[in-house]
Amino acid sequence: MVLPSLFLLLCSLEGLLGLSWEEWWTYDGISGPAFWGRINPEWSLCHKGRRQSPVNLEPAKLLFDPNLRVLHMDRQRVDGILSNTGHSVLFRVDNNTRNHVNFTGGPLSYRYQLDHIDIHFGLHDSIGSEHTINGQSFPAELQIFGFNSQLYSNFSEAIQRAQGIVAISVLLQLGDLSNPELRRLTENMERIKHGGEEIDVKQLLVQGLIPETDYYMTYDGSTTAPPCHETLVWLILNRPIYITKQQLHGMRRLMQGEGNDDKAPLGNNFRPPQPLHHRPIRTNIEFNNKAGTKQCPSMYKEVYYKANNWKLH
């Protein structure tokens, strides 16, 4: 059998070279998403889980939930470190400060505290996001993660527990003008060209990365990288923020490897959509017309969608 042999080989190399499992997974080839759950028994949820993320969102199958509230995020600027992890671009907030950003409302029953932001992007404009809408990808996706600070003391503890993590997905669409707070993250990308490099980012307004909308879709899911913990509540906001071609080109110059060992471009760092397995995707978007008016929340400039009797047009 190829897979058991591969597993034994990786175990041997891990012991001989002193490498961790974190070094082995990638987004392509025999260490890519299709094999995550097979090369390490502790990642079995990546293969056998029934609540995996990301997913494809089909407007016609969304379930309207009138009990969903507006999501609230503190309007607080934070400092942190932006790094090239070799898997993605990650902004980790400095949690030693007193200025925490909290999330409440929406589908959440508890208060969640901002921990980090992850950016996934493609090497071409037609791919890059992890979540898709009716099978359509976006050039990039920004994911804002928080942990349940009422039940757990930190992100590492919460990610292994029920209702531990919230992930807010903001899809990025090409535009002539960029989101101002996004520019704070992308303006110095040349300083984190290689894996392991990092820079300080001061006074980031995370709430400024949120598009002006009260509408979202939500479902129970997982992390989109090993070990694929199924402890997340996902919110996908129904409007994008905008990124320019220049910003995307800057991100596409980032590499996975360290220093002289460039390995491969960092881009195309997205996991394909996973089966829903009958999970409901709820939304606070009101699908019915009111007083004869059409209210079509948009995912991007020229395309609008509705559920049930509405078509993507």
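1. Classes and basis. Ala, Val, Leu, Ile, Met, Phe, Trp, Tyr, Cys and Pro count here as nonpolar, Asp, Glu, Lys and Arg as charged, and the others, Gly among them, as polar. The model is predicted: local features need pLDDT of at least 70, side-chain atom pairs count only at pLDDT 80 or more, and totals for chains, interfaces and linings use all residues. Residues are numbered from 1 along each chain as its sequence is written, and side-chain values use heavy atoms, with hydrogens and water left out.

2. Cavity. The whole structure holds 1 cavity of 30 Å³ or more (on a 1 Å grid over the protein atoms alone, a set of points where a 1.4 Å probe fits but cannot get out; lining residues have an atom within 4 Å of a point). Its volume is about 30 Å³, taken as the space filled by probe spheres set on the points, with grid points joined across faces, edges and corners. The lining divides into 4 nonpolar, 5 polar and 1 charged. Among the lining residues are Val78, Asp94, His100 and Leu114.

3. Cores. The largest nonpolar core has 43 residues. A core is a set of buried Ala, Val, Leu, Ile, Met, Phe, Trp, Tyr and Cys residues joined through side-chain atoms within 4.5 Å; buried means under 20% relative accessible area, exposed over 50%, partly exposed in between (1.4 Å probe, protein chains only). Val89, Phe91, Phe103, Leu114, Ile117, Ile144 and Ile168 touch the most other members. Strand S7 (residues 112-121) gives the most to this core, with 5 residues. A second, separate core of 22 residues includes Ile133, Phe138, Phe155 and Ile285. In soluble globular proteins, nonpolar side chains tend to be buried together.

4. Phenylalanine 91. Setting aside residues up to four places away in sequence, Phe91 touches, among others, Val78, Ile81, Ile117, Leu185 and Leu204. Contact means heavy atoms within 4.5 Å.

5. Helix H6. Helices (H or I, at least four residues) and strands (E, at least two) are DSSP runs, numbered from the N terminus. In H6 (residues 245-252), Gln247, Leu248, Gly250, Met251 and Arg252 are buried. These residues pack against S7, strand S10 (165-174), helix H5 (180-186) and strand S14 (241-243).

6. Long-range salt bridges. There are 8 salt bridges in the whole structure (a side-chain nitrogen of Lys or Arg within 4 Å of a carboxyl oxygen of Asp or Glu). Glutamate 230 meets arginine 51 at 3.9 Å, N to O. That pair is 179 residues apart and links distant parts of the chain. Glutamate 230 is buried at 15% relative accessibility, while arginine 51 is partly exposed at 36%. In another bridge, the closest N and O atoms of aspartate 65 and arginine 282 are 2.6 Å apart. Here the separation is 217 residues. Aspartate 65 is buried because its relative accessible area is 13%; arginine 282, at 27%, is partly exposed.

7. A bridge within H5. Which side chain does glutamate 181 meet in a salt bridge at 3.2 Å, N to O? Arginine 184. The two are 3 residues apart in helix H5, so about one helical turn separates them. Glutamate 181 is buried at 8% relative accessibility; arginine 184 is partly exposed at 31%. Arg77 is linked with both in a network of salt bridges.

8. Threonine 231. This residue lies in the loop between strand S12 (216-221) and strand S13 (232-237). Threonine 231 counts as buried because its relative accessible area is 13%. Leaving aside neighbours within four places in sequence, its contacts include Ala158, Arg161, Ile165 and Gly221.

Terms used:
1 Å grid on protein atoms, 1.4 Å probe; cavity = no way out; pocket = protein on both sides within 12 Å on 5 of 7 lines; lining within 4 Å.
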